[in-house]
Amino acid sequence: MNFPYKLIDLTHTLDNSIPTWNGGCGFNHELHIDYADCEGEDKFRVMKMKMHAGIGTHMDAPRHCFPSGRCIHEFDLNELCMPCVVIDIASKCHEHYSLTPEDIAEFESKHGTINKNSCVMIKTGWSKFWDTPKKYHNNHVFPYISSEAAKLLLERDISALGIDTLSPDRPKNGFKVHQLFLGAGKILIENVTNLDNMPLINSFIMVLPIKIKDGTEAPVRLLGLIKNK
Ligand SMILES: [Zn+2]
């Protein structure tokens, strides 16, 4: 039997030149031992990685902001698989745009009230700048989420909030969405990509973090699932 879902990879590929929060190199993947270094017949290439935990497409756990919040390894996989909706504001987005409660109301007027325990992905279109890290970073000027919109999403009691920028918050506006969401025990997903390939409703998402003990953030392989017809 074929797998009943089509999988959409919502993950950016990691390499040494990707955009990072502080603009420096946050991901280092280098050769440790090469085939020619190996004695004997069996040759291996061994790589090593050095990186910030909050690199590329990644998840923030409540512990990121709150000492008593849950860590990465404490999330059961069943909590990280959920229905997903995409709020598409790409056509009106610019670098100073923030998601508003009106955007959510507009989405809900067309598609119905957002369900409890779902994941809401905000598509700003900013991921198109991923390959130009300076523009993607843009001195921390990128589309974000207003605290009023975040509060409305918390009223819907969603489980996860994702965005295709470095963060749902900009330093200039404070880290209110982090405070609100992680403070409520929810998770955040940052640097999402390929939201163009996701339907606005009727999909699922799987957030698969590297299982790090006491981790506050972790890179994820982020999967969208669309049921086969
Ligand atoms: Zn974050």
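Colleague: In S12, which residue is the bridge partner of Asp60?
Modeller: This is a predicted model, in which local features need pLDDT of at least 70 and side-chain atom pairs count only at pLDDT 80 or more, while totals for chains, interfaces and linings use all residues. Residues are numbered from 1 along each chain as its sequence is written. Strands are DSSP runs (E, at least two residues) and helices likewise (H or I, at least four), numbered from the N terminus; S4 (residues 58-60) and S12 pair in the antiparallel sense over three bridges, pairing requiring at least two DSSP bridges. The bridge partner of Asp60 in S12 is Glu217.

Colleague: How many bridges join S11 to S12?
Modeller: Strand S11 covers residues 203-209 and runs antiparallel to S12. Within S11, Ser203 stands opposite Ile226 of S12. The number of bridges joining S11 to S12 is seven.

Colleague: Which residue in S12 stands opposite Leu7?
Modeller: Strand S1 (residues 5-9) pairs with S12 (residues 217-227) in the antiparallel sense over five bridges. Opposite Leu7 stands Leu225.

Colleague: Within what arc do the buried residues of H3 fall, seen down its axis?
Modeller: In H3 (residues 147-155), Ala149, Ala150 and Leu153 are buried, that is, 20 or more other C-beta atoms, placed from the backbone, lie within 10 Å of their own (exposed: 12 or fewer; partly exposed: in between). They line one face of the helix, because the arc, taken from the directions from the helix axis to the C-beta atoms, spans no more than the limit given here: they fall within 100°.
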